[in-house]
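Visitor: Hey, I'm new to this one. Could you walk me through it?

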Amino acid sequence: MQKSVFSGKRKTILSLLCSFCFILPSCRQDIDLASDEIYKIEKVTSIQTLFESIGRQPEIAENLVQAAENIAGYGDVSELTPIGESISKQFGYARGTCISACAEAIARQPESHVVLTETAVKFLGKYNNDTGITTQINEYSKIKALPGILKGISSEPEAFDSINEMSKILLGVDLVKK
């Protein structure tokens, strides 16, 4: 009789092990999907230094943009869309941090505002354009963009119009009410 109880335990353990083996791969797939979404945030975050670099050396902007595309693994924000609801806050913060860096770079090199803004549109997306930048993502972006916008304007008041133009394009915000 004891032998049959042992067989029952053995069957139960075997069934649990088989179930675990089938469930584990599906859990791994969910982890991979979450990792892919988080990787989008990291890609955007890595672009921040591109704006700082163009602000230092605008004459090699084209080379810097090409290097960023090759290393970051994307050349247009549309390659990262759609942005999942689960990462929209972090994605918006990352985007806003990059917009902040862009504003500071415009203040540093006002004559390069066109290339900086175009680069930002390419990698970060316009607001209210079919780039996947939702209202929610944009609201989070604004929070992180504000410090760089204010710092840029205060360090180079003559760059106000250029920074304002960038803000209208990327954030949908005119810095001065008319």
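Guide: Here's a quick chat about ring pairs, cysteines and a pocket. This is a predicted model, where local features need pLDDT of at least 70, side-chain atom pairs count only at pLDDT 80 or more, and totals for chains, interfaces and linings use all residues. Residues are numbered from 1 along each chain as its sequence is written, and side-chain values use heavy atoms, with hydrogens and water left out.

Visitor: Cool. How many aromatic pairs does the structure hold?

Guide: Two. Rings of Phe, Tyr and Trp (its six-membered ring) pair if their centres lie within 6.5 Å; planes under 30 degrees apart are stacked, over 60 edge-to-face, and the rest tilted. Tyr74 and Phe123 have ring centres 5.4 Å apart and planes at 85°, so they're edge-to-face.

Visitor: Where do Tyr74 and Phe123 lie?

Guide: Tyr74 is in the loop between α3 (61-72) and α4 (88-108), while Phe123 is in helix α5 (residues 113-124), so the pair ties together parts 49 residues apart in sequence. Helices here are DSSP runs (H or I, at least four residues), numbered from the N terminus.

Visitor: Buried or exposed, those two?

Guide: Tyr74 and Phe123 are both buried. Buried means under 20% relative accessible area, exposed over 50%, partly exposed in between (1.4 Å probe, protein chains only).

Visitor: And what about the rings of Tyr93 and Tyr140?

Guide: Their centres are 5.4 Å apart with planes at 75°, so that pair is edge-to-face too. Tyr93 sits in helix α4 and Tyr140 in helix α6 (residues 135-155), 47 residues apart. Tyr93 is partly exposed, at 26% relative accessibility.

Visitor: What sits over the ring of Tyr93?

Guide: The charged end of Lys144, 5.2 Å from the ring centre. To count, NZ of Lys or CZ of Arg must be within 6 Å of the ring centre and within 35 degrees of the ring normal.

Visitor: Switching topic: how many disulfides?

Guide: Zero. A disulfide here is a pair of cysteine sulfur atoms within 2.5 Å.

Visitor: Why no bond for Cys98?

Guide: The closest cysteine sulfur, in Cys102, is 9.3 Å from the sulfur of Cys98, so it's too far for a bond. Cys98 is buried at 0% relative accessible area, and Cys102 is buried at 0% as well.

Visitor: Last one: which element gives the most to the lining of the largest pocket?

Guide: α4, with six residues. A pocket is an open set of points on a 1 Å grid over the protein atoms alone, where a 1.4 Å probe fits, with protein on both sides within 12 Å along at least five of seven lines; lining residues have an atom within 4 Å of a point. Among the lining residues are Gln48, Thr97 and Lys151.

Notes:
Helix = DSSP H or I, 4+ residues; strand = E, 2+ residues; numbered from the N terminus.
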